[in-house]
Each structure stands twice: as C-alpha cells, then as structure tokens.
Amino acid sequence: MTETTRRSVMLGAGGIGVAALLTACGSEGGGTGGGEPVAETPASTPSGSPVAGKKEALAQTADIPVGGGTVFKDKKIVVTQPKAGEFKAFTSVCTHQGCDVGSVSDGVIVCPCHGSKFAIADGSVTDGPAGRPLEKKEIKVEGGSIVLG
C-alpha cells in the first residue's frame, strides 16, 4: 500500500500550478495561448475623429479653463491655460515625494499630499515643501484639440 505524504501532495500541486502558468503564457502568435490578437486602432479625439499623426487628443481647448487647468491622472499630465489661448503642460507628479497633483485653482497646481503649489504658467514652485518645478511636457494645439508632442 502506498502512503501519500505531505511532500508528494505539495510537489503535485506545484506541478499543476506550473503547468497552468505555462498554458496561460502560451505563444502570442495566436497559437494555443487562448488569447485573441489585439488590433491596434488609430488614436482619436474625445469626439472619436482621428487626429493627424495618430496622436491622441488630451482635451479640447474649450475644456481647459482660462487661469486654471485640468489634471489627466491616467496620462500623468496637467494642462493649464494661464492666458486665453496659451496652453502649457507639465507632469502631474509632484517633485516633493512623487504624489500626483490633485487640482488646479486660483492660478496654481495643487498637490494634496503635502500642500505644494506650482504656477500654472511655468510649473515653478509657489509654495513648498517641493523644491523643484514640475517637469514641462510638450503639447500642440491642433484645431480645437490639445495633443501630446
């Protein structure tokens, strides 16, 4: 009579786990991996129309308030409009301890973690504890859309 030991049960369970992992990580070429190939779609504006150069629109210019701005948490970017028709972009990651800035109001970008504030015109520190400005990001206005780059 064979006796089942704890070691043999654990080894068997580990082997099943490895087999499941290898099956899940099958080839990307549409073989037996079970996953469907992902088709790339062209970038588009929030209204769904394609943007020149396949760049995704962050926002429409009309959506960014004059003297304020909008934080795009998923893109790690904050876009501001210091003066009518003048748009700026900065990283939304605070230079103090890496928190995401939370809002833009009264001409400043505000980090909710420790209260650092940055100027909407150039990303400079207006109130610490941050000691460095927000990193500038390149944006372009194409028609009524604001795009990265």
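Me: Contact means heavy atoms within 4.5 Å. On that basis, what share of the contacts between residues at least 6 apart in sequence joins residues at least 24 apart?
Reply: The share is 37%. Please keep in mind that this is a predicted model.

Me: What does the chain consist of in terms of helices and strands?
Reply: The chain has one helix and 10 strands. The helix comes at the N-terminal end of the order, and the strands follow it: α-β-β-β-β-β-β-β-β-β-β.

Me: And how much of the chain is buried?
Reply: Of the 149 residues, 28% are buried. The chain exposes about 9400 Å², and carbon and sulfur atoms account for 55% of that area.

Me: Let us take β2. Is this strand mostly covered or mostly open?
Reply: Strand β2, residues 68-72, is mostly covered, with four of its five residues buried. Its pairing with strand β3, residues 77-83, is antiparallel and involves five bridges. Within that pairing, V71 has V78 as its bridge partner.

Me: What links β2 to β3?
Reply: The two strands form a hairpin with four residues between them. One residue in the turn is K76, whose phi is positive at about 60°, although K76 is not a glycine.

Me: Why bring up the sign of phi?
Reply: Because most residues other than glycine have a negative phi.

Me: Is K76 buried, partly exposed or exposed?
Reply: K76 is partly exposed, since its relative accessible area is 38% and that class lies between 20% and 50%.

Me: Which other non-glycine residue has a positive phi, of about 50°?
Reply: D106 does. D106 sits in the loop between β5 and β6, and its relative accessibility of 78% makes it exposed.

Me: Back to β3. How does it pair with β4?
Reply: Strand β4 covers residues 86-91 and runs antiparallel to β3, with five bridges joining the two. I77 is placed opposite T91 in this pair. Here the hairpin has two residues between the strands, and G85 in its turn shows a positive phi of about 85°.

Me: Changing topic: what is the strand order in the open sheet?
Reply: The sheet has four strands in the order β5-β6-β7-β8, paired antiparallel. Strands β5 (103-105) and β8 (125-127) have a single partner each, so they stand at the edges with one side lacking a neighbour in the sheet. From one strand to the next, the twist averages 35°.

Me: How many bridges hold β7 and β8 together?
Reply: There are two bridges between β8 and strand β7, residues 117-119, in the antiparallel sense. F118 stands opposite V125 of β8.

Me: What about I109 in β6?
Reply: I109 belongs to strand β6, residues 108-110, and is buried because its relative accessibility is 0%. Beyond its neighbours within four places in sequence, its contacts include V78, T80, F90, V101, V104, S116, F118 and L134. For F90, which is 19 residues away along the chain, the C-alpha separation from I109 is 9.9 Å.

Me: Which residues touch the most other members of the largest nonpolar core?
Reply: They are V78, V101, V104, I109 and F118, in a core of 13 residues. A second core of 10 residues is separate, and among its members are L58, I64, V79 and I146.

Me: Which residues does V101 contact, leaving aside neighbours within four places in sequence?
Reply: V101 is in contact with V71, K73, S92, C94, I109, V110, C111, P112 and F118. V71 is the residue bridged to V78, while I109 and F118 are also among the core members listed above.

Me: You listed S116 as a contact of I109. Where is S116?
Reply: S116 lies in the loop between β6 and β7. Despite the loop position, S116 is buried, as its relative accessible area is 1%, whereas the cut-off for that class is under 20%.

Me: What does its side chain reach at 2.9 Å?
Reply: The side chain of S116 reaches the backbone nitrogen of A130 at that distance. Outside the residues up to four places away in sequence, S116 touches C94, H96, I109, V110, C111, D127, G128, P129 and A130. A130 is thus found in both descriptions, as a residue touched by S116 and as the polar partner of its side chain.

Conventions. Residues numbered from 1 in each chain as written. Predicted model: local features only at pLDDT ≥ 70, side-chain atom pairs only at ≥ 80, totals over all residues. Heavy atoms only, no water. Buried < 20%, exposed > 50% of the residue type's maximum accessible area, 1.4 Å probe, protein only. Pairing = 2+ DSSP bridges. Core = buried A, V, L, I, M, F, W, Y, C linked by side-chain atoms within 4.5 Å. Axes fitted to C-alpha atoms, helices over the stretch in contact; angles between N-to-C directions. Polar contact = N/O pair within 3.5 Å; in protein donor to acceptor, adjacent residues only side chain to side chain. Areas by Shrake-Rupley, 256 points an atom, 1.4 Å probe, with all protein chains shown as cover.
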